[in-house]
Amino acid sequence: RGEEAPEKLLTVGNPPSDRRAFAKLADLPAAEMEAEEVAACYGSSLAVTGDAALKKRVVSEMETADVIHLALHAVVNEQSPLRSKLLFAKGTSSESSPTEDGVLQAHEIYKLRLPQARLVVLSACQSGAGRYYGGEGMVGLSRPFIAKGVPLVVASLWPVDSKATAELM
């Protein structure tokens with residue numbers, strides 16, 4: 001029997017969200033440090049931080065990752081949980097490509113291909129919170145990853161301090 005391939009990690013930290021749309025959300029420098037420190041624990045890792053953490057790039061990398069660690073802002077929509085969002089860097093417009101909004105909504109996660117993902121860490125405020133539906137359970141940002149077959153999802157039910165979370169992770 002040959003050696004097993006090392007787990008491939010994708011870690012994202014502190015993508016700057018659209019400040020006009022999400023003015024109340026502060027920069028998360030500890031989340032960037034968290035992403036880099038988590039990446040240092042893996043032999044095969046990709047740490048995508050700051051402006052490089054565009055939604056399109058991250059979604060593409062998620063398809064081949066075994067472990068996905070997202071240290072960023074999450075916005076929960078209690079009235080419509082499928083519109084809850086993970087916030088990535090907002091792309092700039094150019095002649096060749098349209099502007100990227102940097103928002104990955106819960107309903108979009110259901111459409112992702114995550115064949116290798118065994119662990120998703122949502123290191124963000126209230127990423128495990130959502131609305132309870134009788135017979136369905138909680139529906140929020142963690143639910144689509146579970147529905148995609150990810151066996152382990154780590155999420156928070158409350159607002160978290162970025163620095164303390166970085167130390168915990």
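Colleague: Which residues have the most contacts inside the largest nonpolar core, and how many residues does that core have?

Modeller: A nonpolar core is a set of buried nonpolar residues joined through their side chains. In this predicted model, the largest such core has 27 residues, and those with the most contacts inside it are Val-12, Leu-70, Leu-86 and Phe-145. The elements giving two or more residues to this core are E1, H2, E3, H3 and E7, and the largest share, 3 residues, comes from H2.

Colleague: What does Val-12 touch, if residues up to four places away in sequence are not counted?

Modeller: With those residues set aside, Val-12 touches Ala-35, Val-48, Ala-53, Val-58, His-69, Leu-70, Ala-71, Leu-72 and Phe-88. Apart from the largest core lies another one, of 6 residues, among them Leu-9, Val-67, Leu-119 and Val-121.

Colleague: Turning to the sheet, in what order do the strands lie, and is the pairing parallel or antiparallel?

Modeller: Strands of a sheet pair through backbone hydrogen bonds, and the pairing can be either parallel or antiparallel. Here 5 strands form an open sheet in the order E2-E1-E3-E7-E10, with parallel pairing. Strand E2 (44-49) and strand E10 (152-154) are the edge strands, each of them pairing on one side only, and the twist from one strand to the next averages 10°.

Colleague: Over how many bridges do strand E3 and strand E7 pair, and which residue in E7 stands opposite Ala-71?

Modeller: Strand E3 (residues 67-71) and strand E7 (residues 119-123) pair in the parallel sense over 5 bridges, and it is Ser-123 in E7 that stands opposite Ala-71.

Colleague: Which strands do helix H1 and helix H2 touch where they pack on the sheet?

Modeller: Helix H1 (residues 29-39) touches strand E1 (8-13), E2, E3 and E7, and its direction makes about 165° with that of E1. Helix H2 (residues 55-62) also packs on the sheet, touching E1, E2 and E3, and the direction of H2 makes about 160° with that of E1.

Colleague: Which residues of H2 are buried, and what covers them?

Modeller: A residue is called buried when its relative accessible area is under 20%. The buried residues of H2 are Lys-55, Val-58, Val-59 and Met-62. They lie on the same side of H2, because they cover an arc of only 100° around the axis. What covers these buried residues includes E1, E3, strand E6 (103-105), helix H3 (106-109) and helix H4 (142-147).

Colleague: In strand E10 I find Val-154; why does Val-154 count as partly exposed?

Modeller: Val-154 counts as partly exposed because its relative accessibility is 35%, and that class lies between the cut-offs of 20% and 50%. Val-154 touches Leu-119, Val-120, Val-121 and Leu-122, again not counting residues up to four places away in sequence. Although Val-154 and Leu-119 are 35 residues apart along the chain, their C-alpha atoms are separated by 7.8 Å.

Colleague: How many helices and strands does the protein chain have, and why is the chain described as being as compact as a globular protein of its length?

Modeller: The protein chain has 5 helices and 10 strands. Its radius of gyration is 16 Å, close to the 15 Å that the globule rule gives for 169 residues, so the chain is as compact as a globular protein of that length. Along the principal axes, its C-alpha trace spans about 50 × 45 × 35 Å. Of the 169 residues, 44% count as buried, and among contacts with a separation of 6 or more, 70% are between residues 24 or more positions apart.

Definitions and conventions: Residues are numbered from 1 along each chain as its sequence is written. This is a predicted model: local features need pLDDT of at least 70, side-chain atom pairs count only at pLDDT 80 or more; totals for chains, interfaces and linings use all residues. Side-chain values use heavy atoms; hydrogens and water are left out. Two strands pair if DSSP finds at least two bridges between them. Helices (H or I, at least four residues) and strands (E, at least two) are DSSP runs, numbered from the N terminus. Axes are lines fitted to C-alpha atoms, for helices over the stretch in contact, and angles run from 0 to 180 degrees between N-to-C directions. Contact means heavy atoms within 4.5 Å. Buried means under 20% relative accessible area, exposed over 50%, partly exposed in between (1.4 Å probe, protein chains only). The arc is that of the directions from the helix axis to the C-beta atoms. A nonpolar core is a set of buried Ala, Val, Leu, Ile, Met, Phe, Trp, Tyr and Cys residues joined through side-chain atoms within 4.5 Å. The radius of gyration is taken over C-alpha atoms; the globule rule is 2.2 Å times the number of residues to the power 0.38.
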